[in-house]
Every structure is written in structure tokens, then in C-alpha cells.
Amino acid sequence: MTTDHRLSLPGVSADYLAKAKVDRIEANSAFQFCGIRESGMVFPYFNFHGEAVEDGGIEFARLRLDQPRGDQKYHQRSGSAPHAYLPPSIWGEDKNLNNPILVVEGEKKALALAEEGFTAIALGGFYNFRDGTGELVPEIVEFLHYVQDPFFIFLGDQDVVFNYQFSHAARTFGQLVAPASVLVSCVPLAAPGKGIDDCRHALGTDFKPWMVEHVYSGAVIDSKSTAGSVAWELLRLQVPTLVGMEGVKRDEARRGLSKLAAGLRGFPLEQNNVTETAEKLGVGRNIFKRLVKQENRRSVMENVAEELGGDTSKVIDLGEQPGTWTRDVLEVVGPQTYLFGDNLCDLSGGAFKPHTPASLVPRLDSKDCCRFVRVNSSGEASRTQLSEKETRLVLGALEQHKKFLQPVKTLAQ
């Protein structure tokens, strides 16, 4: 691959991208390189000494897709392990290993910070500081070997203030790098950009002093820290901004607070603090509790849907009215099943095989068909298994919802 000096990203200059050996790659080459036929920008990974990081004997890199696949903006070779991204300021000739060390999600954020003179490390996701065994990835282990008394800032985008998983990941990171000091921070809600690279692009020469003033504060990780306490401290610092929001931003903040409160269901004190914050935004307590229940259900549905390729329409809530969820099941299974002699059948070996309640359980509750959840009396949704009792309801609903099934007509002499 040949470095393209015309490459550019908001917040990172073309020259610094070239120094980082960032390349553009076309779809056919990308398929050979990382197993996906999509064009994009390739970020090669290097260790502390500037040597290419290898995974399974192949040089490791991540591809930033020109055309994202839904929420997927980056891709790495299937089967490869998580790795930490070190920009040229760590492995290049002009090493910069000053504290604090900023840990961010996404290579371009680390490059933007490194070009500005900060020490930064990038992760492919909140938890990508861990390898398959739950220990630190080798790039961070090696980094810690050469840096004395490191002080980390685990830095997220604006929206992580509403994301419990970010705070949980930050606390986990703090435990793994102990006794190193860790501060958890995020781009302020009043910042000129969502990510730290966007802020650098917007602020220009004012970025560095702004960074020191607004980002060098947050939640300190210590032995008493919990994911809940970290999440609440991040939010508490943003409450004055939240209260002053109006219009669409205020509505988005209310939804964000319900998402955070749903994640904090194991931390009643912090969850109550979030509820009180929502009240300051004009959301009544009872209404907010209802929003939290809805958010919890949505979150569970999305998590379960990951087993089905992200298709939430195949996640069935057994807490709905039977007429509703049985219809949803038959709509999912309809294109692959047949209505023959008033029976629900599969076509196998040239013959129709009718289902019984027992045979229908594994047929419906599978990664090729549906997954099922149930909401308890507290409003919390959880994954559940389909039973023969429920499949009898499905079979009993055939006549009502037969429009979703393929009818079979036979001609006999």
C-alpha cells in the first residue's frame, strides 16, 4: 500500500496521517487484507517500539469504512483479538510520554490528541483494553513497562454521560492498571463537537487550553469506586448544562437520562439521583419510571437481537397480549413454513411434516428464527425460554393469522 498524502480527517492533518502510515484501500484489496469487500481508510497498529502488531501471524489493522454498515463504522479481520492503538507520538522518533495519558475510543481521536502534543492511546471499543482472558492487551502491558507513574484519563464522547457501560468499562480499566491513577471524563455537553477530534477541528488554536480546562476533571477511580458512582459523578458535573437545555436538546437529554437510569438498576442510590435530575428537566417521577422501564425493555431487546444479526423484529416479548406476540411469531416464521391441512408444517424431503407443541419449541426458539424475552412485575425485561404452553398458543392462532403462512393446495383425481 502507498501512503496517500491527500488523506484528511476532521481534527487530524494530512501530514500526521502520513506519519501514522494511514492508507486508503479499495474494496478488492480490503477483502484480501481484512476479509471485507469495502473501501476505506486503514489504520495499521504498531507497538511501543514501532514494530507492526501481529495477530495470528498477520499484521493487524482496522478499516474505517467509507460506507458504514448500520452502526458499524470500523472493521477488523474476523477472529482477530482486540489491540490498543498507539499513535506515532509513542513509537515514532518524536516520542511524547507525558502525563496524563488519554485513553479514547477510535484511532482518529488518538491521532488528533497526539498531533496536538498529548499522549494518547485508542481502543476499538469501551472494553477493548482486555484480551480474550480478561487481562490487559499486550500493547498496554508493554506501555506500562516503560512509563513510570502513569496517570490515565479514560475519555469518552459527549453521549457517554448517558451510557452506563462506559462507566463500567472505565472502572474495569482502573482495576486492571492499578496502582496507576485513573480519571474518568467525557467531552462536555456544551462542547463544540461530539468527539474530542471534532472539538479540535472546531476550536483550532484554542483547543489545548480548552482541553485542559474542560476535560481534566471527572470521576476519580479508587478502591471504593463502583460503576454506579462513576456514572453519577460524570452526570453530576453536567447537570448545570442539562438544566439549561431547551427544545430538541432537552428532549434528547430526557431520553438519555432514562437510558442511564435503566443501566443503573443495580445501584438504587445513583438511580434515584438520576431520577431527581430528570425532575429538574420537568419530567415527573412516575412518568420517568415508566420511561426507564421502556428503555430497559428496548435495551434487552437489542442485546438479544445481536444473536439474530441485530434484527429486533425477531425478538418476541411474551409479556405482550397472546394475540400480539403469536402474530409476531407467525409473521417471522411464515415465509419458511406452510399451512397444510390446518397444521403448521415444514417441508422436508419432499413431504410436509406437521409440528406438535413439543417439536415447535426448538423450531421457534433458535438463532435461525426467534428469541424470546419477558418483562417481570418490576418492569425489567430478561431473556426467557419458549415453552410448550406458549407453542400451543401459537398453534391455536393459526386460523387467525394464516395470512402470514404459505397455503398449500393439492389436486387429486
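This section describes a four-stranded sheet, the helices that pack on it, and the salt bridges of a predicted model. Residues are numbered from 1 along each chain as its sequence is written, and side-chain values use heavy atoms, with hydrogens and water left out. Because the model is predicted, local features need pLDDT of at least 70 and side-chain atom pairs count only at pLDDT 80 or more, while totals for chains, interfaces and linings use all residues.

The sheet is open, and its four strands follow the order β1-β2-β5-β6 with antiparallel pairing. Helices (H or I, at least four residues) and strands (E, at least two) are DSSP runs, numbered from the N terminus; two strands pair if DSSP finds at least two bridges between them. Strands β1 (23-25) and β6 (72-75) form the edges, each pairing on one side only. From one strand to the next, the twist averages 30°. Strand β5 (residues 61-69) and β6 run antiparallel and are joined by three bridges; Arg69 has Gln72 of β6 as its bridge partner.

Helix α2 (residues 27-34) packs on the sheet and touches β1, β2 (40-44), β5 and β6, where contact means heavy atoms within 4.5 Å. The direction of α2 makes about 105° with that of β1. Axes are lines fitted to C-alpha atoms, for helices over the stretch in contact, and angles run from 0 to 180 degrees between N-to-C directions. Helix α4 (residues 107-115) lies across β2, β5 and β6 and runs at about 65° to β2.

Salt bridges, defined by a side-chain nitrogen of Lys or Arg within 4 Å of a carboxyl oxygen of Asp or Glu, number 20. One of them links Arg62 to Glu107, with the closest N and O atoms 2.7 Å apart. Arg62 lies in strand β5 and Glu107 in helix α4, so this pair ties together parts that are 45 residues apart in sequence. Arg62 is buried at 7% relative accessibility, and Glu107 is buried at 0% (buried means under 20% relative accessible area, exposed over 50%, partly exposed in between; 1.4 Å probe, protein chains only).

In helix α11 (residues 247-263), Arg254 and Asp251 are three residues apart, which means a separation of about one helical turn. The closest N and O atoms of their salt bridge are 3.3 Å apart. Arg254 is partly exposed at 24%, as is Asp251 at 34%. In the salt bridge between Lys402 and Glu399, the corresponding distance is 3.2 Å; Lys402 is partly exposed at 39%, whereas Glu399 is exposed at 54%. Lys109, Asp157, Asp159 and Lys194 are linked in a salt-bridge network.
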